[in-house]
Amino acid sequence: MTRPSLPKVSVIWISGYRGTAFVDLVNDFLDRTMYPSLETLVVDWSVGDSGIATRDAIAKSGLFDQVILQNRRACGSGNRNLGIRRAHGDLILLLEDDVRLKRSVGQNWLTELVDDLTMGNWDDFCLWDSSATSPSVLASLSTRKSIQKQFPFPSYPLRFRTITKSQREACGLMT
């Protein structure tokens, strides 16, 4: 029996001011993830002179199918909304710019999770906390249908007065 083709997974990193360390992290992810149908996106909010090193590293890396550079500071939820709108995948893998895979994770980890999701067993996997009842903003894999139910995530400036208030309170509103 022939295995059906795997759905496209859009991997969305939200990045800010991480420089070459972020590019190293993405390289590590790609080296340790064997999955045949990935779309890679980064939404970067590194603005001003202190953001130049990060943006240069991202641009020179050639690792991303889409590079989305914010021209102003933006909260994590707003950046996730933008990445989700631009993603083309059937599944959405949301990652922060400092989330690294465990060394003990095998290279087929994503294929195994996708198999569970596509067999209808789950809508979301929280990769950060196995006891979580909803996807984590730090690291989660979701079906597009599930993400659309949560989307758009509450964000600054639409629902909060400050970026700090958004970062502190938005995650609690996403469940």
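The exercises below treat a sheet and two helices that pack on it in a predicted model.

The model is predicted, so local features need pLDDT of at least 70 and side-chain atom pairs pLDDT 80 or more, while totals for chains, interfaces and linings use all residues. Residues are numbered from 1 along each chain as its sequence is written, and side-chain values use heavy atoms, with hydrogens and water left out.

**Exercise 1.** State the strand order of the open sheet and find which strands stand at its edges.

Solution. Helices (H or I, at least four residues) and strands (E, at least two) are DSSP runs, numbered from the N terminus. Two strands pair if DSSP finds at least two bridges between them. The six strands are ordered E3-E2-E1-E4-E6-E5, and the pairing is mixed. The edges are E3 (66-69) and E5 (124-126); each has a single partner strand, so one side of each lacks a neighbour in the sheet. On average, neighbouring strands are turned by 15° against each other, direction ignored. Axes here are lines fitted to C-alpha atoms, for helices over the stretch in contact, with angles from 0 to 180 degrees between N-to-C directions.

**Exercise 2.** Describe the pairing of strand E4 with E6 and with E1, then its burial.

Solution. Take E6 (residues 139-143) as the starting partner: E4 (residues 91-96) pairs with E6 in the antiparallel sense over five bridges. Within this pair, Leu91 has Thr143 as its bridge partner, and Leu94 stands opposite Ser140. Next, E1 pairs with E4 in the parallel sense over six bridges, with Val9 opposite Leu91. For burial, the cut-offs are under 20% relative accessible area for buried and over 50% for exposed, with partly exposed in between (1.4 Å probe, protein chains only). Six of the six residues of E4 are buried, so this strand is largely enclosed by the rest of the structure. Leu91, Leu93 and Leu95 point one way, Ile92, Leu94 and Glu96 the other.

**Exercise 3.** Determine which strands helix H4 lies across and which of its residues are buried.

Solution. H4 (residues 109-118) lies across E1, E2, E4, E5 and E6, at about 40° to E6. Its buried residues are Trp109, Leu110, Thr111, Leu113, Val114 and Leu117. These pack against E1, H1, E2, E4, E5 and E6, where contact means heavy atoms within 4.5 Å. Just after the helix, Gly120 takes a positive phi of about 85°.
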